[in-house]
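User: Please take a close look at one part of this model, and describe it together with its surroundings in one connected account.

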Amino acid sequence: DVAWLMTKLVNPAPTDRVYDPCFGSASLLVEAAHSKRAGTSRVDFELWSRTQRTGIYGREIDPLRFLVGLVRVVYSGIDLPRLELGDSLEAFATRGNPESGFDCIVANLPFGLRVSKAIGNLYPIPMVEGEGLFLQHIIDSLRPGGRAVVMVSPSMLSSEGRWIKLRQFLLESNFVDQVVALPTGMFKPYTTIAPSLLVLRKGRRDSQIRFSRYPTPKPHNEE
């Protein structure tokens, strides 16, 4: 399960602030909530209460998906999730402020999204590709030492134009920790695109980047 893998890679602690800027039906936030709950002692009610109030954050632009995601997060045990209905690309990022930034960010970026030049020009690397703008928003929203796991399309890793400047920025700033290639056809029938997981960390001490490939899942009828 990709949501489980992304949560395992970002590894949220019980006290971490977790954020998804385009949470959709909130599968990633639900998985993060389960992971945070598993890391909380059954008798540490104060810690779990604080996690319920300040542990899960997100924003979603589609009203129906927002409602579905909100219900799922509440049902997972987060009584007071900090979820907003709105466009993250038009919202001010936290600029890594330790008081308002996030320790963990997980996101399945909307492939093929294009936005107006007015929105794109709000970012250090102006572009109309929403996927690239979300990545810049995520970097700005990380606290020092924060980490993010983001699902990206092949365009992010290989396309030219503004994508080159964005990749150069990520590499020169030493944000990229790991790239995990996902198998082709993993998301059929929704898409045949083979996305990758980009693992980012703000404040890395080394410059090595790990590359790995996630194995193709076996059909359910195989033992």
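Analyst: **Rings, strands and pocket**

F102 is buried, with a relative accessible area of 7%, where buried stands for under 20%, exposed for over 50% and partly exposed for what lies in between (1.4 Å probe, protein chains only). The model is predicted, so that local features need a pLDDT of at least 70 and side-chain atom pairs a pLDDT of 80 or more, while totals for chains, interfaces and linings use all residues. Residues are numbered from 1 along each chain as its sequence is written, and side-chain values use heavy atoms, with hydrogens and water left out.

Searching the whole structure gives four aromatic pairs, a pair being two rings of Phe, Tyr or Trp (its six-membered ring) with centres within 6.5 Å, called stacked when the planes are under 30 degrees apart, edge-to-face over 60 and tilted otherwise. One of the pairs joins F102 to Y19 in a stacked arrangement, with 4.4 Å from centre to centre and 15° between the planes. This contact links distant parts of the chain, since Y19 belongs to strand 1 (residues 18–20) and F102 to strand 4 (residues 102–108), 83 residues apart; helices (H or I, at least four residues) and strands (E, at least two) are DSSP runs numbered from the N terminus. Y19 is likewise counted as buried, at 3% relative accessibility, and together with F102 and Y57 it makes up one aromatic cluster.

Y57 leads to strand 2. Five of the five residues of this strand are buried, so strand 2 is largely enclosed by the rest of the structure. Its side chains alternate in direction: I56, G58 and E60 point one way, Y57 and R59 point the other way, and all of them are buried.

The neighbours of strand 2 can be followed through its bridges. Strand 1 pairs with strand 2 in the parallel sense over three bridges, pairing being accepted when DSSP finds at least two bridges, and D20 stands opposite G58 of strand 2. Strand 2 (residues 56–60) also pairs in the parallel sense with strand 3 (residues 82–85), here over four bridges. Among the partners in strand 3, R82 is matched with Y57, the residue that also takes part in the aromatic cluster with Y19 and F102, while L85 is matched with E60.

Between these two strands the chain passes through helix 4 (residues 63–75), and strand 2, helix 4 and strand 3 together make a right-handed β-α-β unit, in which the path over the helix runs clockwise when the strands point away from the viewer. In the loop from helix 4 to strand 3 lies I78, which is counted as buried at 1% relative accessibility. The C-alpha atom of I78 is separated by 7.2 Å from that of A33, although the two residues are 45 residues apart along the chain.

A33 falls within the range of helix 2 (27–38), which, like helix 1 (2–10) and strand 2, supplies at least two residues of the lining of the largest pocket. The largest pocket has a volume of about 720 Å³; a pocket is an open set of points on a 1 Å grid with protein on both sides within 12 Å along at least five of seven lines, a 1.4 Å probe fits at its points, and lining residues have an atom within 4 Å of a point. Its lining comprises 30 residues, of which C22, F23, G24, R65 and N108 are the closest to the centre. The most residues come from helix 1, which gives three. By class, the lining holds 18 nonpolar, six polar and six charged residues.

Next comes the backbone at A26, in the loop between strand 1 and helix 2. A26 has a positive phi of about 70° although it is not a glycine, and it is buried, with a relative accessible area of 0%. Another residue other than glycine with a positive phi, near 60°, is N174, which is found in the loop between helix 8 (162–172) and strand 6 (176–181).

Terms used
Grid points are joined across faces, edges and corners, and a volume is the space filled by probe spheres set on the points. Ala, Val, Leu, Ile, Met, Phe, Trp, Tyr, Cys and Pro count as nonpolar, Asp, Glu, Lys and Arg as charged, and the others, Gly among them, as polar.
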